[in-house]
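Me: I've got a fold on screen and I'd like to learn how to read it. Can you walk me through it, feature by feature?

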Amino acid sequence: MMNDMAGECRVDLVDLSDTGAALSTARLMAKEAGFEETDQYLIATAVSELATNIIRYAGRGAVNIRIIQDDERTGLEVIAQDSGPGIEDIEQAMQDNYSTGNSLGLGLPGVKRIMDEFTIESRVGQGTTCTARKWRR
């Protein structure tokens with residue numbers, strides 16, 4: 001389910017097909033924020049990785065995407081949140097090629113490389129929140 005407020009959207013993730021809605025929403029929001037087409041696709045790729053991780057490791061969650069501004073810049077903020085098992089070792093999870101789920105282990109490090117700011121908060125047994133921001137150049 002997607003809720004759209006002015007400059008903000010939420011995509012609930014309950015199965016893998018919802019990752020497509022998250023990807024499309026991210027691209028549209030990036031376009032609305034004035035990002036060039038290349039950055040629109042990069043942001044959509046980052047959101048797709050975060051959404052896929054939620055489905056793969058937590059089963060369900062949500063992605064909130066909103067246009068942000070500070071004094072001189074416009075950007076996009078993505079908050080991916082789940083109530084899944086959490087990440088035991090965030091530092092290890094941020095290493096290329098590390099995976100607990102038979103994947104290439106490039107998702108979270110890739111998101112960090114694509115976006116300008118990236119943080120992970122996670123508690124084992126309670127879930128994970130990833131916050132990523134990209135600023136328009």
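**Reading the core, a helix and a pocket**

Reply: Sure; keep in mind that this is a predicted model. Let's begin with the core: the largest nonpolar core has 32 residues, and V63, L108 and F118 have the most contacts inside it.

Me: Which elements each supply at least two residues of this core?

Reply: The general idea goes like this: in soluble globular proteins, nonpolar side chains tend to be buried together. In this model, β2 (8-13), α1 (18-32), α2, β3 (61-69), β4, α4, β5 (117-123) and β6 each put in at least two residues. The largest share comes from α2, with seven residues.

Me: What does F118 touch, leaving out residues up to four places away in sequence?

Reply: With those neighbours left out, F118 touches L50, M94, L108, V111, K112, C130, T131 and A132.

Me: How do I check α2 as a helix: what should its 22 residues span?

Reply: Go by the rise for each residue. At 1.5 Å a residue, α2 should span 32 Å, and its end C-alpha atoms lie 31 Å apart, so the two agree. After the helix comes G59, which has a positive phi, near 90°.

Me: Let's pick one residue in there. Is I43 buried or exposed?

Reply: The cut-off to know is that buried means under 20% relative accessible area. I43 sits in helix α2 and has a relative accessible area of 0%, so I43 is buried. Beyond four places away in sequence, I43 touches A26, A30, F35, L76, I114, M115 and K134.

Me: One of those, I114, brings me to α4. How many of the eight α4 residues are buried?

Reply: Six of the eight, so α4 is mostly covered. The buried ones are G107, L108, P109, G110, V111 and I114. Their cover includes α2, α3, β5 and β6.

Me: Now the open space. What volume does the largest pocket have?

Reply: For a pocket, look at volume, then at what lines the space. Here the volume is about 670 Å³. The lining has 31 residues, and N53, Y57, I87, T100 and L108 are the closest to the pocket's centre. Two or more lining residues come from each of α2 (37-58), β4 (74-82), α3 (90-93), α4 (107-114) and β6 (127-135).

Me: Which element gives the most, and what classes of residue are in the lining?

Reply: α2 gives the most, with eight residues. By class, the lining has 14 nonpolar, 12 polar and five charged residues. So α2 turns up twice: it gives the largest share of the core and the most to the pocket lining.

Notes. Residues are numbered from 1 along each chain as its sequence is written. This is a predicted model: local features need pLDDT of at least 70, side-chain atom pairs count only at pLDDT 80 or more; totals for chains, interfaces and linings use all residues. Side-chain values use heavy atoms; hydrogens and water are left out. On a 1 Å grid over the protein atoms alone, a cavity is a set of points where a 1.4 Å probe fits but cannot get out, and a pocket is an open set with protein on both sides within 12 Å along at least five of seven lines; lining residues have an atom within 4 Å of a point. Grid points are joined across faces, edges and corners, and a volume is the space filled by probe spheres set on the points. Helices (H or I, at least four residues) and strands (E, at least two) are DSSP runs, numbered from the N terminus. Ala, Val, Leu, Ile, Met, Phe, Trp, Tyr, Cys and Pro count as nonpolar, Asp, Glu, Lys and Arg as charged, and the others, Gly among them, as polar. A nonpolar core is a set of buried Ala, Val, Leu, Ile, Met, Phe, Trp, Tyr and Cys residues joined through side-chain atoms within 4.5 Å. Buried means under 20% relative accessible area, exposed over 50%, partly exposed in between (1.4 Å probe, protein chains only). Contact means heavy atoms within 4.5 Å. The expected span of a helix is 1.5 Å times one less than its number of residues.
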